[in-house]
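Here's a quick briefing for anyone opening this structure for the first time. Have a look at it below, then read on.

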Amino acid sequence: MELYFPFCFFLVLAICLVESRQFRYDYKFNQDIQGWIKLHQVPSTWEDARLRCHLEGANLASPQNSKFATVLKNALKNTHAERIGIFTGIHATFSNGDFQSIEGIPLTKMPLQWMPYEPDNENNEENCIVMHSNGTIADVNCNEVFPYVCYRKKSKNEVLTECGTVDRDYHLDPRTGSCYKFHFIARNWTRAFMTCAAEGAYLAIINNDAEAEILKELFAKYPQPARFSSSKNAAFVGFHDWGERNVWTTIHGETIENAGFNTFEANQPNANGGGQSCGGFFRSGKLDDSWCHYRLAFICEKSVDSLLDDNE
Ligand SMILES: *[C@@H]1O[C@H](CO)[C@@H](O)[C@H](O)[C@H]1NC(C)=O
Ligand SMILES: *[C@@H]1O[C@H](CO)[C@@H](O)[C@H](O)[C@H]1NC(C)=O
């Protein structure tokens, strides 16, 4: 950043601003490693860290060379992560002891120093690597939780779409001014929620009949059942009973009546003995109370102005 900005001021500032946001508003460009990084301060297991980076369109970052190690160390400065360290992308989850970065760089090719008495592979259960703020590493259990950094390598031809993302599966619909993406790989409701969130979006919230129609049209473009799906005719959307049977509230806290669309399919909600707490949407364009553990297709919605939420 330090190197980058003075350079920018000699050019047209506007171009540089676009450039530095070219991936996502919540990532920062780093000249030294030619890519964007984001520190996730909320500690998570290694699996979840990997998945979240992946869903954000990035990778769980590793100190793959000394430049990377320096950038990661700097990213931790003055945060909680500085005291506890971060998960790196270096793991041996496929085969005990075969440590490599997510990108496939073997640990032996990375210029790293172990902490004292490490690696110890305690109980033969330590397949993930953390890095401390002084740059030393240790093997830990992947189910422990640590903060982490995601990294997106800069590539050519990366353009933010009108939806404020590089993900070309989001399409703007002028009828609502929102962008939508239909996810064809079925997930359960919580994973669907996480996936939308990681994409800078949210599980779709239906605010009027026109928006229900948009989702219906979108669904109709995918006549086949979603892969590994529990039901061909339902998709997850963004409402939930939040543990209160039959009090349907959007994931942004409004009752679905107030949000603007509360038309359930005939004989729905049927709350089959409870447990159908999660927002579903039928091909018919009407709502369903779905099993949360079902795997269904799902629809994410993204507001265009999330492009303007400037965290820098
Ligand atoms: C680096 O930090 C770790 C964890 O705080 C500590 O155990 C280790 O001694 C430090 N190593 C050096 C070289 O300062
Ligand atoms: C959803 O799937 C994830 C990953 O498989 C699992 O950890 C989680 O418990 C599931 N949630 C529900 C409500 O089934």
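How far from an oxygen atom of ligand 2 does a polar side-chain atom of N188 lie? The separation is 2.2 Å, which fits the cut-off for a polar contact (a pair of N or O atoms within 3.5 Å; within protein, one must be able to donate a hydrogen and the other to accept it, and residues adjacent in sequence count only if both atoms are side-chain atoms). Keep in mind that this is a predicted model, where local features need pLDDT of at least 70, side-chain atom pairs count only at pLDDT 80 or more, and totals for chains, interfaces and linings use all residues. Residues are numbered from 1 along each chain as its sequence is written, chains are lettered from A and ligands numbered from 1 in the order in which they are written, and side-chain values use heavy atoms, with hydrogens and water left out.

**Around ligand 2**
- The residues around ligand 2 are N188, T190, R191 and H293, where "around" means having a heavy atom within 4 Å of it.
- T190 has a polar side-chain atom 3.3 Å from a nitrogen atom of ligand 2.
- On its own, ligand 2 has 360 Å² of accessible area, and the protein covers 46% of that (Shrake-Rupley method, 1.4 Å probe).

**Helix α7**
- Helix α7 runs over residues 209–220; helices here are DSSP runs (H or I, at least four residues) and strands are too (E, at least two), numbered from the N terminus.
- Its 12 residues should span 16 Å at 1.5 Å a residue, and its end C-alpha atoms are indeed 16 Å apart; the expected span is 1.5 Å times one less than the number of residues.
- Buried in α7 (under 20% relative accessible area; exposed is over 50%, partly exposed in between, with a 1.4 Å probe and protein chains only) are E211, A212, I214, L215, L218 and F219.
- Those buried residues cover an arc of only 155° around the axis, so they sit on the same side of α7.
- Exposed D209 and A220 are on the face turned away from the buried side.

**The loop after α7**
- Q224 is in the loop between α7 and β12 (234–240), and is exposed at 54% relative accessible area.

**Unusual backbone spots**
- The E118 to P119 peptide bond is cis, with omega near 0°, and P119 is in the loop between β5 (113–114) and β6 (128–131).
- Y117, in the loop between β5 and β6, isn't a glycine but has a positive phi near 65°.
- Another cis peptide bond joins Q268 and P269, with omega about -5°.

Key: The arc is that of the directions from the helix axis to the C-beta atoms.
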